Amino acid sequence: MDKNQQQLINQFPILKQKINKFPLVYLDNAATTQKPQVVIDALVDYYTNFNSNIHRGVHKLSQKATEAHEQARITVKDFIKASSSKEIVFTKGTTDSINLLAFSLGESMLKENDEIIVTELEHHSNIVPWQMLCERKNVKLKVIPVNDEGELLLDEYANLLNERTKIVAVGHVSNALGTINPIQEIIDLAHQYKALVLIDGAQAIAHIPVNVQELDCDFYAFSGHKMYAPMGIGVLYGKKHLLEQIQPYQGGGEMIESVTFEKTTYNELPFKFEAGTPNVEGVLGLEAAIHFLLKEDLNQLSKFESEVLNYATEQLNKISRVKIIGNAAKKASVLSFLIDGIHPYDAGTILDQLGIAVRTGNHCAEPIMNRLGIRGTIRASFAAYNTKEEVDRLVAAIHKTIDMFG
Ligand code: PMP
């Protein structure tokens, strides 16, 4: 193993433990990543030294917490190369970001017979909020299909677009199959029809450097907990002029400028979209995770991950009873597979007994499972701390599972 990678692994205290007497092999990173010590320390520091509600206090602690919270917004802005920190809205996570957007865009900009395009690969979080909007506003949902490898059919996409298309909502990386979607082409084509584009970046943000200005996407959503940060914090990036035009999602403290019983006026961006006491600890944890990603170099981390993904693909392809599901030419960090004659749940249970954490089921992506004619898969998903030695453990455990089930 690379010395740099060992140094990286050492920063994750949870990985040192044994599960069922075996050293833990954590391959459920698409569900959530583990947290490095610097992120854990950021939370402890906040609660030990300056816990306080923000934006409204004149006292020292509140000022310190407010400054740290707003500095973290600048860190996020720089990380995704947004043009202003007003474009960074803190949310609970990707699901919350997409619900916010679907509600606010729907109320402000959509009318009957407009159309929204999603893809067959989407996570439920990037389907259901749009479906709900379609029902509310009598808008039509259209779906970009995939080929058998799990790649979007761009010709079909071009045929779905027309002057009624108002929103295109696409995942950057599929959590079920690992496909990296050609989002640049998708964005550029949508813009020819003046449609707005949301990229669901939940599975990309920890693996692929993102530059929202270069992409020219209108909105980009992601979750902290899939990028080494805490749960309960996420981001909705939106172009400033668009966020200014859409109405808030929730009402309450912090999102107002003035309230009377006759009329309430809203706060400026991004506070207009942040009703209630924010998740200060989460924001600080997210900032610590970004510093961690920058220090370790995201490109270097992606390199570790693709080496492990390629090695795992090669090794699993050698097992005759294993079938890899999703063989897109461009993939990131997710390896979905089936073992002939063994239910994914049973395989997952045996792997757990051997200390290996994988996910089984439809991965909140039922439509792509239906398209491929399967109920679910076993999914190994990698982070930068996973190694080829861990893949060898997975391979040995799969052989053992096959032996046990005959
Ligand atoms: N989109 C994708 C592609 C995901 O993988 C996930 C999480 N599995 C989500 C959205 C939802 O993220 P969260 O649960 O953090 O809101």
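Reader: Where does histidine 172 lie in this model?
Author: The model is predicted. Strand S7 covers 165–171, and helix H7 covers 183–192. Histidine 172 lies in the loop between S7 and H7.

Reader: Is histidine 172 buried or exposed?
Author: Its relative accessibility is 6%. Buried means under 20%. Histidine 172 therefore counts as buried.

Reader: Which side chain is joined to that of histidine 172 by a polar contact?
Author: Leaving aside neighbours within four places in sequence, histidine 172 is in contact with several residues, including Thr179, Asp200, Val210 and Tyr220. A polar contact of 2.8 Å joins the histidine 172 side chain to that of one residue. That residue is tyrosine 220.

Reader: How many residues of strand S10 are buried?
Author: Strand S10 spans residues 234–238 and is mostly covered. On one side, Gly234, Leu236 and Gly238 are buried. On the other, Val235 and Tyr237 are buried. The count is five of five.

Reader: Which residue stands opposite glycine 234 in S10?
Author: Strand S4, residues 88–91, runs antiparallel to S10. Four bridges join S4 and S10. The residue opposite glycine 234 is threonine 91.

Reader: Which residue stands opposite glycine 238 in S10?
Author: Strand S9, residues 219–223, also pairs with S10. The sense is antiparallel, over five bridges. The residue opposite glycine 238 is phenylalanine 219.

Methods: Residues are numbered from 1 along each chain as its sequence is written. This is a predicted model: local features need pLDDT of at least 70, side-chain atom pairs count only at pLDDT 80 or more; totals for chains, interfaces and linings use all residues. Side-chain values use heavy atoms; hydrogens and water are left out. Helices (H or I, at least four residues) and strands (E, at least two) are DSSP runs, numbered from the N terminus. Buried means under 20% relative accessible area, exposed over 50%, partly exposed in between (1.4 Å probe, protein chains only). A polar contact is a pair of N or O atoms within 3.5 Å; within protein, one must be able to donate a hydrogen and the other to accept it, and residues adjacent in sequence count only if both atoms are side-chain atoms. Contact means heavy atoms within 4.5 Å. Two strands pair if DSSP finds at least two bridges between them.
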